[in-house]
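Dear colleague,

I am passing on the structure below, together with a short account of what was found in it. Please read the account with the structure open beside you.

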Amino acid sequence: MSCPTAIHPLRPFNQLTHPREVIRQFTPNWFAVVMGTGVLGLALVQAIPALRGVAEALWWLASGLFVLFGMLYGARWVMFFHEARRIFGHSTVSMFFGTIPMGLATLLNGALVFGLARFGDGILPWVEALWWLDVAMALLCGVAIPFLMFTRQEHSIDQMTAVWLLPVVAAEVAAASGGLLAPHLVDSTRQFQVLITSYVLWAVSLPVAFSILTILILRMALHKLPPAHMAASSWLALGPIGTGALGMLLLGGNAPAIFAANGLAGFGEIARGIGLIAGLVLWGCGFWWLLTALLITLKHMHQGMPFNLGWWGFTFPLGVYALATLKLASWLGLGFFQGMGVVLVLALVGLWSLVAWRTARGAWRGELFVSPCIAGCK
């Protein structure tokens, strides 16, 4: 295959040898766009309720992108199966399988926030069914991808980044979604099943994520910062911490009523208290990572940061941390958390606007459709 040459700048996909390369080069990294767009809608409606219409439009946009990306990636497996399967041996791109269930979970959260008001309770059975599908996909990613790391892929500490977190955090995102879904279900038994499953998912994910974060700190101490093209990955560490805090607050807030309805009233208040304390502790830990990620980003900006799809790593972790901050504000009634939550959401708006614009421009030109699993130009 010959290397692509520049054509007229107004022609779409001018960096590709053929438009079909969009499918051939499509990778799961693109589902991070769904995550970042969906979480912005969820955060925006909580921080600035007057912008509910804009927030709902972002949910619709994220939903449309999820369908489009699903079709493109599915087409790649049909049309270029032997190349698509190489992803299982790739030490970086395979991690992004986790963005698929995390993107779906974000859309399900939006369905509960926006869809119920627009379509009514009739969508709840669909949301519940898709949530269980999301649980299965999250568990599969959280177990299968680490197993591939142990058996087929080549890894080293000096090349490690926070991208390792992506497959294991998917279960935690599903847990937070379960906390949002449970109170909407009519049957108390199903509420209890979703709640307990969500607690298990949280436990499946967070301790493993903190194990990875421990290794990440060691890696940065011994081998310094990741390369500039992976600079945005530093923000991924904020993801499991923010999602963990949000999940415990959501689950703890719903636990008293759901436990009481299932004959375990005493445990409900305990779960509520644990949810608040765990949420606060994790929020504090996340604050350290937020400041650290800011410093790392500033250093890389001074040295130069090439744009790639990894920049979407700025958005979802910041979004879930902002949601956890706003949830703490509603629990504690402290102006500090409310004010900081709004500031974080405004920062998210700015980051999303920048990354979305550069992604749209790069997609139009075709320069972002690059699969590292496929050998380069000959």
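In this model, which is a predicted one, residues 24 or more positions apart account for 82% of the contacts in the protein with a separation of 6 or more. Buried residues, meaning those under 20% relative accessible area, make up 53% of the 378 residues in the protein.

As for the secondary structure, the protein has 12 helices and zero strands, and the pattern read along the sequence is accordingly α-α-α-α-α-α-α-α-α-α-α-α. The radius of gyration of the protein is 21 Å, close to the 21 Å that the globule rule gives for 378 residues, and the protein is therefore as compact as a globular protein of that length. Along the principal axes of the protein, the C-alpha trace spans about 70 × 50 × 45 Å.

One helix can be followed in some detail, namely α10, which covers residues 265–303. With 39 residues at 1.5 Å a residue, helix α10 should span 57 Å, and this agrees with the 56 Å that lies between its end C-alpha atoms. Just after α10 comes G304, which takes a positive phi of about 105 degrees.

Turning to the surface, the accessible area of the protein comes to about 16400 Å², and 70% of this belongs to carbon and sulfur atoms. The protein carries 19 positive and 12 negative charges, and the mean positions of these two sets are 12 Å apart.

With kind regards

Note on methods:
Residues numbered from 1 in each chain as written. Predicted model: local features only at pLDDT ≥ 70, side-chain atom pairs only at ≥ 80, totals over all residues. Heavy atoms only, no water. Helix = DSSP H or I, 4+ residues; strand = E, 2+ residues; numbered from the N terminus. Rg over C-alpha atoms; globule rule 2.2 N^0.38 Å. Buried < 20%, exposed > 50% of the residue type's maximum accessible area, 1.4 Å probe, protein only. Contact = heavy atoms within 4.5 Å. Areas by Shrake-Rupley, 256 points an atom, 1.4 Å probe, with all protein chains shown as cover. Lys, Arg positive; Asp, Glu negative; His and termini not counted. Charge placed at Lys NZ, Arg CZ, Asp CG, Glu CD. Expected span 1.5 Å × (residues − 1).
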